[in-house]
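Please walk me through this structure, beginning with the ligand and what surrounds it, then turning to enclosed space within the protein, and ending with a single residue.

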Amino acid sequence: MIEFKQVVKRYPGGLDALRHVSVFIPRGSITFLTGHSGAGKSTVLKLITLSEVATRGQVLVNDEDISLFRGDRIALHRRTIGSVFQDHKLLPDKTVEENVALPLVVAGMGNRDCARRARAALDKVGLLKLCRRFPQTLSAGEQQRVGIARAVVGRPDILLADEPTGNLDPELADEIMKLFFLFNQHDVTVIIATHDYRHLNNPAAGLLALENGQISGDSYS
Amino acid sequence: MKVWLQRHLQVLGETLMWLVRSPGSTLTTALILGVAISLPLMLFKVSQSMMSVTGKLNEDSVITVYVGPGKPEQVEPMKEDQLVIEIGQKILQIPLVSDVEYVSRAQVLKDFQMESELGDLIDDLEENPLPAMLIVFPEKSLIAADLSQLVTVLADMEGVDSVSYDQQWQERLQAIIAAFMSGTLIMASLMAIGVVLIISNTVRLGILNRSQEIQIIDQIGGTATFIRRPFLYFGTLQGISGGIVALLIAMLALFLLARPVNHLAGLYSSEFRINLLDLEVSGAVIVVSALLGWLAARFTLGGYIAKMRASARGK
Ligand SMILES: Nc1ncnc2c1ncn2[C@@H]1O[C@H](COP(=O)(O)OP(=O)(O)O)[C@@H](O)[C@H]1O
Ligand SMILES: [Mg+2]
């Protein structure tokens with residue numbers, strides 16, 4: 001589970017992106033994080049991965065205050081999280097399979113296991129046949145699915161997606177969303193930041209609404 | 001362990017590809033590094049060759065010790081010779097001395113008469129005015145400083161009148177070698193700084209080119225060690241390439257220098273030989289260049305990663 005306690009995030013320049021945010025996200029849940037652009041959605045996700053550190057308050061993951069993590073402990077923490085980005089963040093000089101295998105390589109897994117699990121992950125998102133291609137030869141929807149395969153290949157406890165459907169047309173977006181619900185059924189805690197309101201009425205998902213750095217709606221409380 | 005080795009070999013291969021893919025900048029860097037490293041290397045080789053000359057010179061150098069002041073009318077000749085032999089034995093105890101030869105007064109007189117036209121003059125004297133001599137052979141490994149120390153010790157010994165030793169040009173040579181050696185040291189330090197700066201700069205460019213990759217790897221749980229690894233190989237390989245170029249440059253230069261220098265040495269009937277690079281020196285050059293490359297990469301990356309981590313904390 002993930003818990004924010006009175007979290008304040010102030011970026012250099014003085015602006016408070018989050019102002020005393022307190023939320024509790026249960027283990028195994030799937031949550032939509034919504035709000036207008038600049039509300040602080042990305043900041044919430046970055047605090048969970050420790051890409052940013054809270055200025056005040058606490059971010060707890062499995063009851064541990066992650067802001068106390070340093071050095072390699074941060075790397076280990078990130079290996080329990082899969083991240084999907086709006087712009088995919090795939091490496092252009094590596095094949096699709098190599099991109100997907102990267103989290104496993106980083107974690108010190110042997111080449112053969114890496115390849116096997118990368119292919120399994122690509123199979124789950126329906127792209128096994130493209131494993132030898134390079135990312136820039138793929139469509140936006142395919143690239144996003146490669147990004148998702150990379151996020152889940154390490155069997156993370158938590159899956160974070162920052163506007164994963166932002167660049168996609170509605171049918172593709174629906175397909176991507178289906179994948180997230182699929183992974184959630186395997187006990188992965190999923191948080192999806194989106195301002196695509198079409199998906200928000202899914203009864204299986206929790207909802208967190210942000211407005212100007214504050215919680216304006218919370219289906220968990 | 002197997003995975004670890006596999007990973008290292010893989011990174012080594014990838015880094016070699018990275019260097020090969022931009023042959024222009026790789027070669028330019030290797031040449032710049034090579035020139036920088038070759039200068040102190042050549043100076044070192046020249047000083048080293050000069051040292052072997054001094055070694056040879058010592059073989060010929062002897063110290064002549066005159067014993068006295070003799071008061072022949074008070075001491076019987078036999079007794080005096082006994083005294084000189086005792087002093088000779090004391091001298092032989094000194095660690096820096098390899099051998100002592102005793103030349104009696106009578107022998108000195110004989111030699112003098114045979115070698116000198118003044119010999120007849122001495123015949124006219126009642127007494128033999130020449131003192132007995134000890135010829136001291138120093139250890140061959142002695143350098144000039146040790147020799148002059150030995151000379152002082154001998155001169156201060158009881159019963160010794162005077163000591164003669166031709167040491168001036170030895171000392172001069174020694175001073176020149178010392179100057180060469182400090183020159184080598186200064187050049188080597190400057191070279192080390194230069195090499196670190198040059199490689200640090202190429203590593204910085206590499207970081208810029210691969211910043212997206214670094215950020216992604218950081219994001220998906222790569223440790224600092226993992227992020228650093230390809231860059232450490234990159235810096236080390238560049239250092240090695242510079243070391244190899246430096247060896248080639250130095251070998252060529254020493255080859256060209258060897259003939260005229262040996263000819264010059266021959267004129268002084270001296271055994272001065274510039275030898276080409278031996279395995280030990282070549283190995284040391286490669287190891288040191290590799291180490292400097294590694295250090296440059298390590299520090300450059302350390303700074304970069306620290307900055308990346310600090311920015312997350314809003315610093
Ligand atoms: N690195 C940063 N430096 C300064 N300000 C930032 C930074 N990142 C985000 N912000 C600001 O914080 C606020 C929240 O940003 P963000 O969390 O990205 O919002 P959202 O993802 O909901 O659009 C915005 O006003 C944005 O300008
Ligand atoms: Mg955002």
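**Ligand, cavity and one strand residue**

In this predicted model, helix H1 of chain A, which covers residues 41-49, contributes the largest share of the shell around ligand 1, namely 3 residues. The full set of residues around the ligand consists of A:Tyr11, A:Leu15, A:Ala17, A:His36, A:Ser37, A:Gly38, A:Ala39, A:Gly40, A:Lys41, A:Ser42 and A:Thr43. Sorted by class, this shell holds 4 nonpolar residues, 6 polar residues and 1 charged residue.

Several of these residues place a polar atom close enough to ligand 1 to count as a polar contact, for which the cut-off is 3.5 Å between N or O atoms. From the backbone, an N or O atom of A:Gly38 lies 2.6 Å from an oxygen atom of ligand 1, and a backbone N or O atom of A:Gly40 lies 2.9 Å from an oxygen atom of the ligand. From a side chain, a polar atom of A:Thr43 is found 2.5 Å from an oxygen atom of ligand 1. Taken by itself, ligand 1 would expose 550 Å², and the protein buries 64% of that area.

We now leave the ligand and turn to enclosed space. Rolling a probe the size of a water molecule over the atoms reveals where empty space remains. With a threshold of 30 Å³ or more, the count comes to 1 cavity, and the largest cavity holds about 40 Å³ of space. Its lining is made up of B:Arg210, B:Glu213, B:Ile214, B:Ile217, B:Phe226, B:Ile227, B:Pro230 and B:Phe231. The elements that supply two or more residues to this lining are helix H8 (211-219) and helix H9 (224-267), both of chain B, and H9(B) gives the most, with 4 residues. In terms of class, the lining of the largest cavity divides into 6 nonpolar and 2 charged residues, with no polar ones.

The last stop is B:Asp161, which belongs to strand S4 of chain B, a strand that runs over residues 160-164. Is B:Asp161 buried, partly exposed or exposed? Because the relative accessible area of B:Asp161 is 47%, and partly exposed is the term for values between the limits of 20% and 50%, B:Asp161 is classed as partly exposed. As for its position relative to another part of chain B, the C-alpha atoms of B:Asp161 and B:Ile198 are separated by 62 Å, with the two residues standing 37 residues apart along the chain.

How values were computed. Residues numbered from 1 in each chain as written. Chains lettered and ligands numbered in written order. Predicted model: local features only at pLDDT ≥ 70, side-chain atom pairs only at ≥ 80, totals over all residues. Heavy atoms only, no water. Near = heavy atom within 4 Å. Polar contact = N/O pair within 3.5 Å; in protein donor to acceptor, adjacent residues only side chain to side chain. Areas by Shrake-Rupley, 256 points an atom, 1.4 Å probe, with all protein chains shown as cover. Nonpolar A, V, L, I, M, F, W, Y, C, P; charged D, E, K, R; others polar. 1 Å grid on protein atoms, 1.4 Å probe; cavity = no way out; pocket = protein on both sides within 12 Å on 5 of 7 lines; lining within 4 Å. Points joined across faces, edges and corners; volume = space filled by probe spheres on them. Buried < 20%, exposed > 50% of the residue type's maximum accessible area, 1.4 Å probe, protein only.
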